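Hello,

I am passing on the structure we spoke about, which you have not seen before. Please have a look at it first; my notes follow below.

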Amino acid sequence: ENDGKDDKLSPSVHYIFNGIYVAQLDDGRWAAVTSCKDLSEKEAFLLSDQPTKDNVEKLKAHLKSKAPMISNMFSDEELRSYFGRPSFAGAATWVSQLLVDNWALLVGDAAHSTFPATGEGVNASLEDAYVLQQVLAEDHCDAEGTASMQDILSTYQDRRLADTHALSDIAYSVLRPSGKQ
């Protein structure tokens, strides 16, 4: 356990402290990005846009509890301005195809969104690599013994596009839930 008294943060390191991301910006200022894991009373203030004294005090206590090394890094004015920033719930991408102009292939994070809590990001990327390896190992030669790279890449797209769409749909439904889902 680190009480934060003797340690200094390195400008060349990006830190994650119990759901708080901390890094130094190019202009030398430090930034802390919070996450709200649930909408319980305990963390709901993190989504507020009201810089009330109570919210600022809750933010101070939250930083001290979750990231003691940064608990004294920000002034009261900076903590008040925290509540004026726009919230970001994440982004979900959806691609219509994996094969672009018959020469570029989208795989991994470039091909599909995942919601981090599902743990699907690296799994899907590894599956992309595995399926691509399988397709490359198959015989795609025509009657003259020539293999077309476009045919190989199209085969990969045929095998992965449905899963790619499903992963992006799940990510989008988590980030933008509706009563229908």
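**Aromatic pairs**

The count of aromatic pairs in this predicted model comes to 2. One is formed by Tyr15 and Phe17, whose rings are stacked, with 5.5 Å from centre to centre and 5 degrees between the planes. Tyr15 and Phe17 are both buried. The other pair is Tyr82 with Phe83, and here the arrangement is edge-to-face: the centres are 5.0 Å apart and the planes make 85 degrees. Tyr82 and Phe83 are buried as well.

**The chain as a whole**

The chain has 181 residues, and 29% of them are buried. Its secondary structure consists of 4 helices and 5 strands. Read from the N terminus, the order of these elements is β-β-β-α-α-β-β-α-α. If you count the contacts between residues at least 6 apart in sequence, 51% of them link residues that are at least 24 apart. The accessible surface is about 12000 Å², and carbon and sulfur atoms account for 53% of that area.

**The sheet**

Which strands make up the open sheet, and in what order? There are 3 of them, arranged 1-2-3, and their pairing is antiparallel. Strand 1 (15–17) and strand 3 (30–33) are at the edges; each has a single partner strand, so one side of each has no neighbour in the sheet. From one strand to the next the twist averages 20 degrees.

Strand 2, residues 20–24, is joined to strand 3 by 4 bridges, and the two run antiparallel. Within this pairing, Ala23 is opposite Ala31 of strand 3. Strand 2 and strand 3 form a hairpin with 5 residues between them, and in its turn Gly28 has a positive phi of about 95 degrees.

**Two asparagines with positive phi**

Most residues other than glycine have a negative phi. Two asparagines depart from this pattern, and each sits in a loop between strands. Asn18 has a positive phi of about 45 degrees without being a glycine. Its loop is the one between strand 1 and strand 2. Asn102, also not a glycine, has a positive phi of about 60 degrees. The loop that holds Asn102 runs between strand 4 (99–100) and strand 5. Is Asn102 buried, partly exposed or exposed? Its relative accessibility is 43%, so Asn102 counts as partly exposed.

**His112 and what lies around it**

His112 is in the loop that leads from strand 5 (104–105) to helix 3 (120–137). Why does His112 count as buried? Its relative accessibility is 2%, and buried means under 20%. The side chain of His112 makes a polar contact with the side chain of Asp128, at 2.8 Å. With its neighbours within four places in sequence left aside, His112 is in contact with Thr93, Ala124, Ser125, Asp128, Thr164, Leu167 and Ser168. Asp128 is thus named in this set of contacts and is also the polar partner of His112.

**Residues in helix 1 and helix 4**

Asn55 belongs to helix 1, which covers residues 53–66. With a relative accessibility of 9%, Asn55 counts as buried. What is Asn55 in contact with, once its neighbours within four places in sequence are left aside? The residues are Phe45, Ser48, Gln50 and Phe83. Phe83 has come up already, as the partner of Tyr82 in the edge-to-face pair.

Asp158 is part of helix 4, residues 149–175. Its relative accessibility is 64%, so Asp158 counts as exposed. How far from Leu99 is Asp158, going by the C-alpha atoms? The separation is 9.7 Å, while along the chain Asp158 and Leu99 are 59 residues apart.

**Where to start**

If you want a short route through the model, begin with the hairpin of strand 2 and strand 3 and its turn residue Gly28. Then go to His112 and its polar contact with Asp128. After that, look at Asn55 and its contact with Phe83, and from there at the ring of Tyr82, with which Phe83 is paired.

Regards

Methods: Residues are numbered from 1 along each chain as its sequence is written. This is a predicted model: local features need pLDDT of at least 70, side-chain atom pairs count only at pLDDT 80 or more; totals for chains, interfaces and linings use all residues. Side-chain values use heavy atoms; hydrogens and water are left out. Buried means under 20% relative accessible area, exposed over 50%, partly exposed in between (1.4 Å probe, protein chains only). A polar contact is a pair of N or O atoms within 3.5 Å; within protein, one must be able to donate a hydrogen and the other to accept it, and residues adjacent in sequence count only if both atoms are side-chain atoms. Contact means heavy atoms within 4.5 Å. Two strands pair if DSSP finds at least two bridges between them. Axes are lines fitted to C-alpha atoms, for helices over the stretch in contact, and angles run from 0 to 180 degrees between N-to-C directions. Rings of Phe, Tyr and Trp (its six-membered ring) pair if their centres lie within 6.5 Å; planes under 30 degrees apart count as stacked, over 60 as edge-to-face and the rest as tilted. Accessible areas come from the Shrake-Rupley method with a 1.4 Å probe; for residues, only the protein chains shown count as cover.
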